[in-house]
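Please open the model in your viewer and keep the sequence panel beside it. This tour goes from one selection to the next and says what can be found at each stop.

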Amino acid sequence: MAQLFELNNGTMQVKVSNYGCTITSLSVPDKDGKLADVVLGFDSLGPYLKGAAPYFGCIVGRVANRIKDGKFTLSGIDYALPINKPPNSLHGGHNGFDKVIWDVAEHKQGETPSITFKYHCRDGEEGYPGDVSVTATYTLTSMTTMRLDMEAVPENKATPINLAQHTYWNLAGHNSGNILDHSIQIWGMHVTPVDQNTVPTGEIMPVKGTPFDFTSEKKIGSFIHEVPGLGYDHNYVLDCGDEKLGLKHAAKLKDPSSSRVLNLWTSAPGMQFYTANYVNGVVGKGGAVYGKHGGVCLETQGFPNAVNQPNFPSVVVQPGEEYKHSMLFEFSVE
């Protein structure tokens, strides 16, 4: 049964569901200590269960992002996946990890509250090979820091695995309009350019001198109109960040109105920077209407379509090997 659980350490409060490991609400203080909910979502689980959410707050898998034409070949076998975002397969198919009920393995209160979800994905589920055991743990590691640890172990067949956390952030508050005034710095000197169907071409392109250059902090809206298509929806190669706790600095997002800052650290090689281009009139929490660019996703990940791109870091995991992906969300004001 789909339920909501709370993590609260007295300063920040997170609500998360066992349906898709979905963060439905996350409240952190601004410069005056005033709490606001900084993630897009719904007040109840109903709309998530009905499929009204464009991946709000969830963990996506077995393979995040796009697989070209929903096809790949592994160990000499051709696999065909659901084409749920024509002409490609997106975020694990029609019923990916975001649309299943996970088991709650552990829920701890106290100074560092945490919750651990587990899911057993069957051989052939959404077209993917082999059984896979997956766990995801959200922990409030300090007053304004949340950590997510994702692990997956294939049991009997090699399989691509690439999990991503798909929260839409708006540091001014989920109901405060678009994020074009937020500034962002991304510790990536390259992106993987895409074709007309948003699938990487295989090229790895330097961002210098392009609208994709966020190597120094800039407003998201500065060059968004120069980006082909509706906005940013691109994978950054995280190749120049400092390290902390074994994780690389991926991005720093800042809202000028509240002075809230989110620093994101990750163990993944890439990050999809997505400016909610396809969100259009979704009625969310408290009746707020979420429009285009109403939030920003910072989805750390393996590169999109890596299973079909030999020059991208491999996302294939062998039976008995462990896939691991950790993210640290560090909130502050400045």
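A cavity, in the sense used here, is a set of grid points where a 1.4 Å probe fits but cannot get out. Keep in mind throughout that this is a predicted model.

**Stop 1: the enclosed spaces**

By this rule there are four cavities of 30 Å³ or more, and the largest cavity has a volume of about 90 Å³. To see what surrounds this largest cavity, select Tyr-19, Thr-22, Tyr-48, Gly-51, Ala-52, Ala-53, Tyr-55, Phe-56, Cys-58, Asp-98 and Lys-99, which line it. If you colour this lining by residue type, you will have seven nonpolar, two polar and two charged residues.

**Stop 2: the largest pocket**

Move next to the largest pocket, which holds about 310 Å³ of space. The pocket is lined by 21 residues, and you can find its middle by selecting Pro-54, Tyr-55, Lys-85, Leu-90 and His-91, the closest of them to the centre. Taken as a whole, the lining divides into eight nonpolar, eight polar and five charged residues.

**Stop 3: the annotated active site**

Now select His-166 and Glu-299, which the unreviewed UniProt entry annotates as "active site". Although these residues are spread over 134 residues of sequence, they cluster in space, with a largest C-alpha distance of 5.8 Å. Both His-166 and Glu-299 are included in the lining of the largest pocket, so the view from the previous stop can be kept while you look at them.

Begin with His-166, which sits in the loop between β15 (164-165) and β16 (168-169). Is His-166 buried or exposed? Its relative accessible area is 3%, and because anything under 20% is classed as buried, His-166 counts as buried. Beyond its close sequence neighbours, His-166 touches several residues, among them Pro-54, Tyr-55, His-91, Cys-297 and Glu-299. Show the side chains here, and you can trace a polar contact of 3.3 Å between the side chains of His-166 and His-91.

Then turn to Glu-299, which belongs to strand β28 (residues 296-301) and is buried, at 2% relative accessibility. Its side chain makes a polar contact with the side chain of His-166, at 3.4 Å. The residues that Glu-299 touches also include His-91, Gly-270, Met-271, Gln-272 and Tyr-274.

**Stop 4: the annotated binding site**

The unreviewed UniProt entry also places a "binding site" feature at Asn-65, Arg-66, His-166, Thr-167, Tyr-168 and Asp-233. From this set, the lining of the largest pocket takes in Asn-65, Arg-66, His-166, Tyr-168 and Asp-233.

Select Arg-66 in strand β6 (residues 66-67), a buried residue with a relative accessible area of 5%. Around Arg-66 you will find contacts that include Lys-85, Leu-90, Asn-197, Asp-233 and Pro-304.

Which residue offers its backbone oxygen at 2.7 Å from a polar atom of the side chain of Tyr-168? Select Pro-54 together with Tyr-168, and this pair of atoms can be picked out. Tyr-168 lies in strand β16 and is buried, with a relative accessible area of 2%. Its other contacts include Val-38, Val-39, Leu-40, Val-279 and Val-296.

Asp-233, in strand β21 (residues 233-237), is likewise buried, and its relative accessible area is 9%. The side chain of Asp-233 makes a polar contact with the side chain of Gln-272, at 2.9 Å, and the residues in contact with Asp-233 also include Arg-66, Thr-198, Phe-273 and Tyr-278.

**Stop 5: a buried glycine**

Follow the chain to Gly-295, in the loop between β27 (289-290) and β28. Gly-295 is buried, at 0% relative accessibility, and it touches Leu-40, Trp-169, Ile-179, Tyr-274, Thr-275 and Ala-276, leaving out residues up to four places away in sequence. If you also select Gly-173, which is 122 residues away from Gly-295 along the chain, you will find their C-alpha atoms separated by 9.6 Å.

**Stop 6: the second largest pocket**

Finish at the second largest pocket, where about 230 Å³ of space lies. Of the 15 residues in its lining, Val-194, Pro-228, Gly-229, Gly-231 and His-234 lie nearest its centre. The full lining divides into seven nonpolar, six polar and two charged residues.

Note on methods. Residues are numbered from 1 along each chain as its sequence is written. This is a predicted model: local features need pLDDT of at least 70, side-chain atom pairs count only at pLDDT 80 or more; totals for chains, interfaces and linings use all residues. Side-chain values use heavy atoms; hydrogens and water are left out. UniProt positions are given in the numbering used here, feature names are shortened, and annotations may be inferred rather than shown by experiment. On a 1 Å grid over the protein atoms alone, a cavity is a set of points where a 1.4 Å probe fits but cannot get out, and a pocket is an open set with protein on both sides within 12 Å along at least five of seven lines; lining residues have an atom within 4 Å of a point. Helices (H or I, at least four residues) and strands (E, at least two) are DSSP runs, numbered from the N terminus. Buried means under 20% relative accessible area, exposed over 50%, partly exposed in between (1.4 Å probe, protein chains only). Contact means heavy atoms within 4.5 Å. A polar contact is a pair of N or O atoms within 3.5 Å; within protein, one must be able to donate a hydrogen and the other to accept it, and residues adjacent in sequence count only if both atoms are side-chain atoms. Grid points are joined across faces, edges and corners, and a volume is the space filled by probe spheres set on the points. Ala, Val, Leu, Ile, Met, Phe, Trp, Tyr, Cys and Pro count as nonpolar, Asp, Glu, Lys and Arg as charged, and the others, Gly among them, as polar.
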